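Hi,

Here is the model I said I'd pass on. Have a look at it first, and my notes on the ligand site follow underneath.

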Amino acid sequence: MRKWLRRTGLNEAAATGSLATLRRALAGDGSLLDRATDRLSYAHDASHFHLVPTAVATPNDAAAVGRLFAAAKAVGIALTFRSGGTSLSGQAGTTGILVDTRSRFRSIEVLDDGLRVRVGPGATIRQVNARLARYGRKLGPDPASEIACTLGGAVANNSSGMACGTTANSYATLESMVLVLPSGTVIDTGAPDADDKLRACEPALYAGLGRLRDQVRHSPVLRERIEQQFAMKNTMGYGINSLLDFSLPAEILAHLVVGSEGTLAFIASIVMRTVPVLPHTRTGLLVFDDLAAATGALPGLVASGPVSIELLDATSLRVGQRDPAADELLRTLAVDKHAALLVEYQAATRADVDELAETARPALEALPIIGPRTHRVGDP
Ligand SMILES: Cc1cc2nc3c(=O)[nH]c(=O)nc-3n(C[C@H](O)[C@H](O)[C@H](O)COP(=O)(O)OP(=O)(O)OC[C@H]3O[C@@H](n4cnc5c(N)ncnc54)[C@H](O)[C@@H]3O)c2cc1C
């Protein structure tokens, strides 16, 4: 609270009045807590930052978020969304008002026999995938934190994992979103009249998106830069490739929100296309003398079609050695400058994965690896 008072120049009575304004805005559709215990329990997420919020709001629905936006603007305080709280860079923490978006927005509706799914932003990736499993489908984005992170957080961060790359990440598999804009306007970008509604309710935003789209499309330099950046997995920030990929401002807006870290709009609901579960796997840990040998092997390995390749440096190998379930080769290796690649092939059937492994064999046999050339079989 003290930091907020310093920043806003408010005295304590005015600050208390501001919180009362926010509480009134929720109008019973949620809570606003400012006891020390509530604030301190939200002061940490998975990042290194310790930011004690002034209060914690838990709105029940999109309309309540819209009213909260208006009230926060009126009293001059920022809202920051916190979902699973697994972000590593502090983007889900604040000394302003922390909005808990995990507790209430947890619905999961499977559509079209699992080909699509409508999800509240507070449902965890694991919960959604558990519902999709019986259809042999799953979400594309696959961050390693899937047990605790939510789809809202994954979309807002454009989180990736080992397998989704740029072809099955949030941007690539997003169909539509219900967004609450800072003005309070609620837009379902999947509705047939979404673009008309955006133009009518947010004329300046609509025109601005159109201008940006045209500017990027008419500049070969910008086009080339964006195409190059977004062909790579490790590009972050607003999904500005949407200015090239989509024409309608409502669709551009939905895809700009991917990677926006809560700075453009509140995501109230998300429809995602799903990807097939590939249950048959062949996994190998390839150990090399050093990092250069491991990375030198990548072109041939990538061409052999694995779903993921994970690099382990010497420190990671030493950590892995402490696992009692680790392979004999790993446990007995005198790790010096060694590095390893954990390579996995996946397919829908056993025959397909065997064929993949067989096709990859020449590439694997040509590599200067240490130890046996065996792999682990994973069949359901
Ligand atoms: C052990 C571990 C492993 C991880 N592995 C990976 C990995 O493999 N790949 C990867 O990319 N990341 C990884 N992460 C980082 C993090 O888990 C992911 O980015 C995750 O998707 C964040 O989701 P969350 O629900 O925790 O979101 P939060 O951390 O709560 O929020 C993330 C961002 O989204 C915003 N936000 C949340 N909800 C909404 C909403 N409804 N509307 C608008 N904005 C919203 C927040 O303000 C914040 O900016 C890992 C983290 C940990 C701790």
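A quick definition before the contacts: a polar contact here is a pair of N or O atoms within 3.5 Å. Keep in mind that this is a predicted model.

With that cut-off, Ser 145 makes a polar contact through its side chain, where an N or O atom is 2.6 Å from an oxygen atom of the ligand. The side chain of Ser 87 also has an N or O atom 2.6 Å from a ligand oxygen. Ala 144 takes part through its backbone instead, with an N or O atom 2.9 Å from an oxygen of the ligand. How much of the ligand does the protein bury? On its own the ligand exposes 980 Å², and 83% of that is buried by the protein.

Now the wider surroundings. The ligand takes up the space of the largest pocket. There are 29 residues around the ligand, and the ones that come nearest are Thr 86, Ser 87, Ser 145, Ser 159 and Ser 160. By type, the shell splits into 13 nonpolar, 14 polar and two charged residues.

Where does the shell come from? Both domain 1 (2–100) and domain 2 (108–276) put in at least three residues each. As for secondary structure, strand E3 (79–82), helix H6 (151–157) and strand E10 (266–273) supply at least two residues apiece. H6 gives the most, with four residues.

That's it from me; shout if anything is unclear.

Cheers

Key: Residues numbered from 1 in each chain as written. Predicted model: local features only at pLDDT ≥ 70, side-chain atom pairs only at ≥ 80, totals over all residues. Heavy atoms only, no water. Near = heavy atom within 4 Å. Polar contact = N/O pair within 3.5 Å; in protein donor to acceptor, adjacent residues only side chain to side chain. Areas by Shrake-Rupley, 256 points an atom, 1.4 Å probe, with all protein chains shown as cover. 1 Å grid on protein atoms, 1.4 Å probe; cavity = no way out; pocket = protein on both sides within 12 Å on 5 of 7 lines; lining within 4 Å. Sits in = over half its atoms within 2 Å of the grid points. Nonpolar A, V, L, I, M, F, W, Y, C, P; charged D, E, K, R; others polar. Domains from an automatic or database assignment.
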